Amino acid sequence: MPQSVQHQIRKKNREDIARERHPRSKKRCNDWIVCAMLWPLHGTNAGTLLRSCEATGACLVIPHYPWVPQALNKGYTISQRGDVHWCRPNALGWLEAQKNKGFRIIGLELADEAIRFHDLKMAREKTILVLGHENSGIPDEAVDLLDNCIEIPMIGTGTTLNVACAATLALYRLAGLD
């Protein structure tokens, strides 16, 4: 009977990680991939989402409600916070302006025409990932502005993942880091 080969696992240190860092992720934020949390219900997901944006090189756009800065500071666990771009609470007007600037606008939403998550490809053009309200999803008026939707398949009783978790999966795909 052959003996099992044992090997030792060596964890990477900060220098290893910095040396191997994906070249696009050296910039904290770019305007190639924008994650738009336009209808936040509460701050629970905001800091987590900002961390995912920083990790994938995406920009985070969020309305400047009075509670949002505190929520970002509470949920973002790295000492130097990533970049946040503020939009006015008029989310539909902001989306229309971005569409007129030539952005491809995709939403994380359950829809008949949605792209299945495993078919989602790396962003090859300026792309905005639109996140819906944690309870009601993307408003119907905003769905009309979308070029596509992404659906993440699930097993079990829930219909969707937590918004920050779902956005993180999609951001890694769009950034080509998967």
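In what order do the seven strands of the open sheet lie, and in which sense do they pair? In this predicted model, the order is S3-S2-S1-S6-S4-S7-S5, and the pairing is parallel. The chain contains six helices alongside its seven strands, and helices H2 and H4 both make contact with the sheet. A nonpolar core of 30 residues is the largest in the chain, and a second core of 20 residues is separate from it.

**Overall architecture**

- Along the sequence, helices and strands succeed one another in the pattern α-β-α-β-α-β-α-β-β-β-α-β-α.
- Of the contacts in the chain with a separation of 6 or more, 77% join residues 24 or more positions apart.
- The chain has 178 residues, of which 41% are buried.
- About 11000 Å² of the chain is exposed, and 50% of that area comes from carbon and sulfur atoms.

**The sheet and its edges**

- Strand S3 (84-87) and strand S5 (115-116) are the edge strands, each pairing on one side only.
- The partner of S5 is strand S7 (residues 148-151), with two bridges formed in the parallel sense.
- Ile115 lies opposite Ile150 of S7.

**Helices packed on the sheet**

- Helix H2 (residues 46-56) touches strand S1 (33-37), strand S2 (59-63), S3 and strand S6 (127-131).
- The direction of H2 makes an angle of about 155° with that of S2.
- Helix H4 (residues 91-100) lies across S1, S2, S3, strand S4 (104-108) and S6.
- Relative to S6, H4 runs at about 160°.

**The largest nonpolar core**

- Within this core of 30 residues, the members that touch the most others are Cys35, Leu49, Leu108, Leu129, Leu131, Ile150 and Leu171.
- Two or more residues come from each of S1, H2, S2, helix H3 (68-75), S4, S6 and helix H6 (163-174).
- The greatest contribution is that of H6, which supplies six residues.
- Leaving aside residues up to four places away in sequence, Leu108 touches Leu129, Val130, Leu131, Ile138, Ile150, Ile152, Ala166, Ala167 and Ala170.
- Ile150 thus appears in two settings: it stands opposite Ile115, and it is among the contacts of Leu108.

**The second core**

- Among the 20 residues of the second, separate core are Ala91, Ala114, Leu145 and Cys149.

Terms used: Residues numbered from 1 in each chain as written. Predicted model: local features only at pLDDT ≥ 70, side-chain atom pairs only at ≥ 80, totals over all residues. Heavy atoms only, no water. Pairing = 2+ DSSP bridges. Helix = DSSP H or I, 4+ residues; strand = E, 2+ residues; numbered from the N terminus. Contact = heavy atoms within 4.5 Å. Axes fitted to C-alpha atoms, helices over the stretch in contact; angles between N-to-C directions. Buried < 20%, exposed > 50% of the residue type's maximum accessible area, 1.4 Å probe, protein only. Areas by Shrake-Rupley, 256 points an atom, 1.4 Å probe, with all protein chains shown as cover. Core = buried A, V, L, I, M, F, W, Y, C linked by side-chain atoms within 4.5 Å.
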